[in-house]
Amino acid sequence: MQTGSIDAAALTTLLSAASAAPSIHNTQPWRYRLVPDTLTLEVRAARERALPHADPLARALHVSVGGALFNLRVAATHLGLRPVVRLLPCPDEPVLLGTLRIVGTRRAECHGPDLYPAVWRRHSSRFPFARRRPPDRLLAELADAALVEHASLAFPDDAEVERLLRLTAEAEARNNHDRHRRAETLAWLRDGTGDGLTAAALGPRDATGHLPLRDFTGLRRREDLPTADFEARPLLAVLSTAHDRRTDWLRAGQALERVLLTATARTLRTSLLHQALEWPDLRWALRDPRAERGHAQMLIRLGYGPLGPATPRRPVGRTLDGEG
């Protein structure tokens, strides 16, 4: 590939990697536009794919797009390119959340594991994890991964984990009894459309009720799901940022994806517990009471276990707007 252009194959690689990022309810709330003259990819929010009830401020949408931006960076580096990302580059165009500009080529650098293969292997696993705890050096590596992206990753002790799970269970109960949120969630449970969540990706219910997994069935088909014994003491991590602006949400998404890809490269499985973040009072309560500052952006469950089935992705062509 010439350094003065992004050919069709490279563009497909970049956008396929970006769209492999996780997003709330697998909504994939992003659109891309290539500006050939400046070798810039513009990343916009797809407002029609937003969740007005669960995510009225579009915080989760920004986190999702941040993950896509990080995957763009990883894929560009894999192709031997030097990417420069700008967040919220145009105040007059609020849906333009970020740009990635190619400013030249670069040599391969080795800072930790190669994350590009993990882009394709990373999937949320909604299955039980083993009792074996990851070594402390690996947890420290994940914390460092978040720090690189201007976020923090904390691993609470058992007592704090229990408190976080209670908050998540409270949020899950609220979601299931809010008809608007329940209908919004059910709308993204679908098969064969390239987005949303398929039945195969839901995983079993926790037989003990200890782990408050999201009920995507809206209580109506819950009893049809198989059950399994999940880990009694799940390993949780809280991803936080110092501030809570739109730029912080995008940085949180980049940090989240760096953490998830690093975990995947180290054979860890992950899933996200987002319910408490969807209620302002519960999200505030997710903060460590001993911390003086910080805003929770994601609750991550980690461990060793089976790889979850991949959720579908829209074809690249359906995410790309016309060239400028």
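Begin by selecting arginine 301 and phenylalanine 129: in this predicted model, the charged end of arginine 301 sits over the ring of phenylalanine 129, 3.7 Å from its centre. A second arrangement of this kind can be displayed by selecting arginine 181 together with tryptophan 279, where the charged end of the arginine sits over the ring, 3.7 Å from the ring centre.

**The largest nonpolar core**

Next, select Leu142, Leu153, Leu239, Ile300 and Leu302, which, of the 42 residues in the largest nonpolar core, touch the most other members. Colouring by element will help here, since two or more residues of this core come from each of α4 (136-148), α5 (158-177), β8 (235-241), α7 and β10 (295-303). The greatest contribution is that of α7, which gives seven residues to this core. In soluble globular proteins, nonpolar side chains tend to be buried together.

Keep isoleucine 300 selected and show its surroundings: leaving aside neighbours within four places in sequence, isoleucine 300 is in contact with Leu153, Leu235, Leu236, Ala237, Leu256, Val259, Leu260, Thr270, Ser271 and Leu272. Apart from this core lies another, of 35 residues, and Leu14, Ala20, Ala76 and Leu97 are among them.

Move from isoleucine 300 to its contact leucine 153, which has its place in strand β5 (residues 152-154). Is leucine 153 buried or exposed? Its relative accessibility is 10%, and because buried means under 20%, leucine 153 counts as buried. Not counting residues up to four places away in sequence, leucine 153 touches Leu142, Ala143, Ala146, Ala237, Val238, Leu239, Val259 and Ile300. For a sense of scale, add leucine 225 to the selection, which is 72 residues from leucine 153 in sequence and 32 Å from it in space, C-alpha to C-alpha.

**Helix α7**

Now select residues 246-265, which form helix α7. This helix has 20 residues and reaches 29 Å from its first C-alpha to its last, close to the 28 Å expected at 1.5 Å a residue. Of those 20 residues 17 are buried, so α7 is largely enclosed by the rest of the structure.

Within the helix, pick threonine 264, which at 5% relative accessibility counts as buried. Which residues does threonine 264 contact, once its neighbours within four places in sequence are left aside? They are Ala118, Arg121 and Arg122. Beyond the helix, stop at threonine 267, which follows α7 and whose phi is positive, near 70°.

**An aromatic pair in α3**

The structure holds one aromatic pair, and selecting tyrosine 116 and tryptophan 120 brings it into view. The two ring centres are 5.8 Å apart and the planes stand at 85°, so the pair is edge-to-face. Both residues lie in helix α3 (residues 116-121), four residues apart, which is about one turn of the helix. Tyrosine 116 counts as buried at 13% relative accessibility, whereas tryptophan 120, at 37%, counts as partly exposed.

**Helix α1 and the loops**

Select residues 8-19 for helix α1, whose 12 residues should span 16 Å at 1.5 Å a residue, and whose end C-alpha atoms are 16 Å apart, which agrees. At the start of α1, show the side chain of aspartate 7, an oxygen of which reaches to within 3.3 Å of the backbone nitrogen of alanine 9. The buried residues of α1 are Ala10, Leu11, Leu14, Leu15, Ala17, Ala18 and Ser19, and what covers them includes β1 (30-35), β2 (40-45), α2 (59-78) and α3.

Continue into the loop between α1 and β1 to find histidine 25, which is buried, with a relative accessible area of 5%. Its phi is near 55°, a positive value in a residue other than glycine. Most residues other than glycine have a negative phi. Alanine 58, in the loop between β2 and α2, likewise has a positive phi, of about 65°, although it is not a glycine.

**Last stop: glutamate 160**

Finally, select glutamate 160 in helix α5; at 10% relative accessibility, glutamate 160 counts as buried. Not counting residues up to four places away in sequence, glutamate 160 touches Leu286, Arg287, Asp288 and Pro289. Adding arginine 131 gives one more distance to display, for the C-alpha atoms of glutamate 160 and arginine 131, 29 residues apart along the chain, are separated by 18 Å.

How values were computed. Residues are numbered from 1 along each chain as its sequence is written. This is a predicted model: local features need pLDDT of at least 70, side-chain atom pairs count only at pLDDT 80 or more; totals for chains, interfaces and linings use all residues. Side-chain values use heavy atoms; hydrogens and water are left out. Buried means under 20% relative accessible area, exposed over 50%, partly exposed in between (1.4 Å probe, protein chains only). Contact means heavy atoms within 4.5 Å. A nonpolar core is a set of buried Ala, Val, Leu, Ile, Met, Phe, Trp, Tyr and Cys residues joined through side-chain atoms within 4.5 Å. Rings of Phe, Tyr and Trp (its six-membered ring) pair if their centres lie within 6.5 Å; planes under 30 degrees apart count as stacked, over 60 as edge-to-face and the rest as tilted. A charge sits over a ring if NZ of Lys or CZ of Arg is within 6 Å of the ring centre and within 35 degrees of the ring normal. The expected span of a helix is 1.5 Å times one less than its number of residues. A polar contact is a pair of N or O atoms within 3.5 Å; within protein, one must be able to donate a hydrogen and the other to accept it, and residues adjacent in sequence count only if both atoms are side-chain atoms.
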